[in-house]
Amino acid sequence: MDGASSSSSNPLSTKLKVSGLWSGVIEVDLEEWTIPMLRAELAKSSQCPQENLKVICAGKILKDEFADKKLRDVGLKANSRILISRVDVEQAKAINDELDAQNRLARIKAAVDAMAKRHTDNSFPVDDFSIELENQSGEKMNVGSETDQRALVMGLMLHAKGRHLIEKGQYKDALDILGMGEEAFSLCDRKVIETVDNASLLQIDTVWCYFMQRDISCLAMGGIRLKNARKGLEHCYGANMERARVVQGGFCPEIATYTRLELLEGVVAYHTGLLEESCKALTSAQAKYRQLQVSDESLSTLLNIGFTTKQSRRALRMCGQDVQRAVEFAIEERERIAKKEEEDRQRYRDIREQKSYGRTLLGKVVDMTKLTELASIGYERPLAAEALRRNENDFQKALDELTDPASNSSLQGSLESRRRKRKKSLRQEDIADMIAMGFERGKAEAALLRSGTKEEAIDFLLRELQNGAGSGAASEGHAEIGSATFEEGGPQNATDTVDEMQDVTENHNEHDSAPVEVRDQEMEEDIVNNLTGDPLADYDIEVEEEGKAIAEYLSLLVSARQYFA
């Protein structure tokens with residue numbers, strides 16, 4: 001590339017001032033040059049290899065990752081000042097890794113904020129799953145204001161993401177995510193936070209990350225976090241977890257949580273010279289750790305009954321190794337899961353139905369409770385939904401329209417008109433899809449008229465091609481077209497049906513003036529995949545590392561006592 005010579009003869013060339021490792025002026029074409037082209041020219045002028053070149057302009061580091069963007073697109077203009085410096089390869093890699101980490105954190109925060117807003121403000125659903133607050137029994141919770149619920153949902157999603165990173169041993173990254181989760185919880189009303197244990201669990205997980213990184217410098221702050229966590233847990237469960245046992249019918253899933261908490265309290269006390277307090281906390285943690293150990297005999301008993309290893313271990317740990325109570329717990333868990341799955345399937349069907357009715361003028365979804373009430377009176381659901389949609393879910397106004405003959409006729413006409421528009425829109429989309437696959441427009445239209453559905457039309461044209469009767473072949477052979485449809489049971493995961501449901505909502509509402517949300521679907525899917533929907537998952541943690549740490553610090557205490565004896 002001869003960037004300088006080509007730009008000097010270009011009437012559209014722009015001068016950029018360079019300082020640092022090399023000082024001077026270069027001429028570029030802001031509309032044509034890309035970041036790699038600029039970096040190559042600067043490397044040539046400064047006689048520095050590109051991989052060692054750090055280029056900064058307007059507070060941004062210009063990396064090759066911006067390859068598809070022109071210079072004007074990243075903010076460069078006439079007389080922009082560029083600073084260049086030389087860094088070694090390892091330093092450059094560290095800088096790039098830090099920038100990537102910052103970018104990922106920003107994406108995570110933006111995705112969590114967007115999903116929390118969508119799932120707490122009763123807006124039109126764009127997802128095929130719902131994020132709702134539940135207690136340990138799996139019952140839905142309505143706490144505080146919409147702002148409180150949104151902040152709580154954000155905190156829960158970020159905490160779940162942080163725990164996923166902890167399980168993978170990525171403690172530094174987990175701390176960044178947990179920090180954002182703590183910030184989200186801080187936006188909730190204090191009375192709301194005091195009714196749940198999530199903020200306390202997050203504090204414990206934060207100190208656990210300090211410990212697993214062996215970051216002794218953070219233990220002073222860790223001690224404050226642990227005090228706050230214990231205070232929060234006692235507020236929720238009682239000083240001796242008595243309220244937890246009542247809620248869980250005598251079961252106590254929090255033992256693993258308290259094992260980790262008391263271990264960390266013992267570690268902090270040890271490193272601050274409080275050896276007696278350390279011994280007391282570690283001894284208590286060790287007793288709880290032993291309670292969580294599952295014997296092979298007990299495990300075999302539950303396995304022989306028909307429970308899985310995971311179900312059996314959880315039941316025995318939650319019930320203090322009492323086999324009979326563990327069987328009862330496992331049976332109740334199985335029934336709870338089956339009930340939850342049926343509720344999820346119904347919720348999925350509700351979402352599909354809501355999407356089919358479109359959104360109100362204010363972008364809200366049709367209220368399904370009010371719709372069911374109108375349907376129970378005798379009105380058809382689509383007609384009743386149209387009345388609610390047009391009246392912003394005002395039940396009385398919708399009922400007045402339905403009972404008034406003239407208004408009812410207008411509703412039916414509007415409903416039929418929207419059905420025709422949707423059908424026409426979907427047909428045009430099918431034609432566009434088939435053209436993109438390589439079929440001629442005329443043949444695509446004829447096949448759709450003959451077959452009725454896009455899949456049948458494609459099958460017809462492919463059979464025609466195989467018989468040598470057509471010329472509009474799809475390029476590079478045949479790729480099977482999968483229809484994104486599901487049985488009544490609903491999708492297998494939270495993101496399975498996004499593509500399927502788009503055709504229900506796009507161009508569906510002629511009154512729809514709501515702005516289109518720009519979504520980071522990749523990041524949203526990653527976050528949703530960390531949400532288990534299991535109310536006991538936060539307490540069902542493995543404690544092998546805790547057991548090793550308890551033994552290690554009890555041994556250190558013995559050595560310390562011998563030293564001071």
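This is a short dialogue on how to read strands, a helix and nonpolar cores in a predicted model.

Colleague: Where should I start with the strands, and in which sense do strand 1 and strand 5 pair?

Modeller: Strand 1, residues 14–20, and strand 5, residues 81–86, pair in the parallel sense over four bridges, and within this pairing G20 has I84 of strand 5 as its bridge partner.

Colleague: In which sense do strand 3 and strand 5 pair?

Modeller: Strand 3, residues 53–57, pairs with strand 5 in the antiparallel sense, again over four bridges. You can follow this residue by residue, since I56 stands opposite L83, and K54 has S85 as its bridge partner in strand 5.

Colleague: Which strand do two bridges join to strand 3?

Modeller: That is strand 4, residues 60–61, which runs antiparallel to strand 3, with I61 as the bridge partner of I56. The two strands form a hairpin with two residues between them, and there A58 takes a positive phi near 55°.

Colleague: How do I read the side chains along strand 3, and which of them are buried?

Modeller: The general idea is that in a regular strand the side chains alternate between the two faces of the sheet. In strand 3, L53, V55 and C57 point to one face and are buried, whereas K54 and I56 point to the other face and are not buried.

Colleague: How should I read a helix such as helix 5, and which of its residues are buried?

Modeller: An α-helix has 3.6 residues a turn, so residues three or four places apart point the same way. In helix 5, the buried residues include Y171, A174, L175, L178, G181 and F185. This helix covers residues 171–186, and its 16 residues reach 22 Å from the first C-alpha to the last, close to the 22 Å expected at 1.5 Å a residue.

Colleague: How many residues does the largest nonpolar core have, and which have the most contacts inside it?

Modeller: The largest nonpolar core has 61 residues, and those with the most contacts inside it are I108, L152, L263 and I527. Helix 7, residues 198–212, gives the most to this core, with nine residues. Leaving aside its neighbours within four places in sequence, L263 is in contact with W208, L282, A285, E546, A549 and I550.

Colleague: What lies apart from this core?

Modeller: Another core lies apart from it, with 20 residues, among them C48, L53, L71 and V74.

Conventions. Residues are numbered from 1 along each chain as its sequence is written. This is a predicted model: local features need pLDDT of at least 70, side-chain atom pairs count only at pLDDT 80 or more; totals for chains, interfaces and linings use all residues. Side-chain values use heavy atoms; hydrogens and water are left out. Two strands pair if DSSP finds at least two bridges between them. A nonpolar core is a set of buried Ala, Val, Leu, Ile, Met, Phe, Trp, Tyr and Cys residues joined through side-chain atoms within 4.5 Å. Buried means under 20% relative accessible area, exposed over 50%, partly exposed in between (1.4 Å probe, protein chains only). Contact means heavy atoms within 4.5 Å. The expected span of a helix is 1.5 Å times one less than its number of residues.
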